[in-house]
Amino acid sequence: MADGQPTPSPAPQGDPSENSPSASVFARLRERIQGVRDTRLADRLAQIDAEFVRENARRITEADLDTVVDRAEAIEARFRNDGGIRRLLDEGRLLLGLVGDVRAGRYRCLPVWTLSAVGFALLYVLNPFDLVPDALPVVGLLDDAAVVSVCLSLVEQDLQDYQAWRRASRNEEDPTDRDASGSDLISS
């Protein structure tokens, strides 16, 4: 520069991960965003709709439902530990309870199709190699959340019926405590 000051060096070009450790975070984020923009990924996610769940639910077998019961802890752990589907943890537990109660013969008022759809959704969550592999950061669990969400919308009424049955079953098992006068401790 004419005033004797050093000329500022130009901003670094190329991959920021080459320049500093913190810049590598930006490079990884850019790669993730680019992956989301990948049309193949978008096409895969677009496949997840009611028909996708219906079609795959038709393929669920008794052995698949037994796998859901046997691997219930692993399935719940996926809901609990994976950020993309953590918000569906309560629904995941409800779905696991439904399959468990049906398979144990405790709950019998469920259409076979609903059981199959729920079984498919839970197995989908367990499978790390589905439409969008779970190993892909951020986007890897979007398809799992989408499948569970579609399943929940398809079986909503059956889930409400199951929840009512569970509440009634709990009330029968745990009668309300009463004080010495016999009145309810909890008033309605």
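Trainee: Let me start with a side chain: what does Arg93 count as at 36% relative accessibility?

Mentor: This is a predicted model, and in it Arg93 counts as partly exposed, because 36% falls between the 20% cut-off for buried and the 50% cut-off for exposed.

Trainee: Which residue forms a salt bridge with Arg93?

Mentor: The general idea is that side chains of opposite charge can pair when their charged atoms come close. Here the partner is Glu76, and the closest N and O atoms of the two are 2.7 Å apart. Arg93 sits in helix 7 and Glu76 in helix 5, residues 72–81, so this pair ties together parts that lie 17 residues apart in sequence. Glu76 is partly exposed too, with a relative accessible area of 23%.

Trainee: How many salt bridges does the structure hold?

Mentor: Nine. Let's pick out another one: Glu62 pairs with Arg103, with the closest N and O atoms 2.5 Å apart.

Trainee: Where do Glu62 and Arg103 lie?

Mentor: Glu62 is in helix 4, which covers residues 62–70, and Arg103 is in helix 7, residues 89–103, so here the parts tied together are 41 residues apart in sequence. Check the surface as well: Glu62 counts as exposed at 52% relative accessibility, while Arg103 is partly exposed at 29%.

Trainee: Which residues are linked in a network of salt bridges?

Mentor: Glu62, Asp66 and Arg103 are. So when you look at the Glu62 and Arg103 pair, look for Asp66 as well, because these three residues are linked by salt bridges as defined by a 4 Å cut-off.

Trainee: And what distance separates the closest N and O atoms of Arg58 and Glu51?

Mentor: They are 3.9 Å apart, and the pair counts as a salt bridge because the cut-off is 4 Å. Arg58 is exposed, at 56% relative accessibility, whereas Glu51 is partly exposed, at 38%.

Trainee: Let's zoom out. How many helices and strands does the protein have?

Mentor: There are 10 helices and zero strands. Reading from the N terminus, you meet one α element after another: α-α-α-α-α-α-α-α-α-α.

Trainee: What share of the residues counts as buried?

Mentor: Of the 188 residues, 35% do. For the outside, the protein exposes about 12000 Å², and carbon and sulfur atoms supply 51% of that area.

Trainee: Last one: among contacts between residues at least 6 apart in sequence, what share joins residues at least 24 apart?

Mentor: That share is 66%. For a single pair to look at alongside that figure, go back to Glu62 and Arg103, with their parts 41 residues apart in sequence.

Notes
Residues numbered from 1 in each chain as written. Predicted model: local features only at pLDDT ≥ 70, side-chain atom pairs only at ≥ 80, totals over all residues. Heavy atoms only, no water. Salt bridge = Lys/Arg side-chain N within 4 Å of Asp/Glu carboxyl O. Buried < 20%, exposed > 50% of the residue type's maximum accessible area, 1.4 Å probe, protein only. Helix = DSSP H or I, 4+ residues; strand = E, 2+ residues; numbered from the N terminus. Contact = heavy atoms within 4.5 Å. Areas by Shrake-Rupley, 256 points an atom, 1.4 Å probe, with all protein chains shown as cover.
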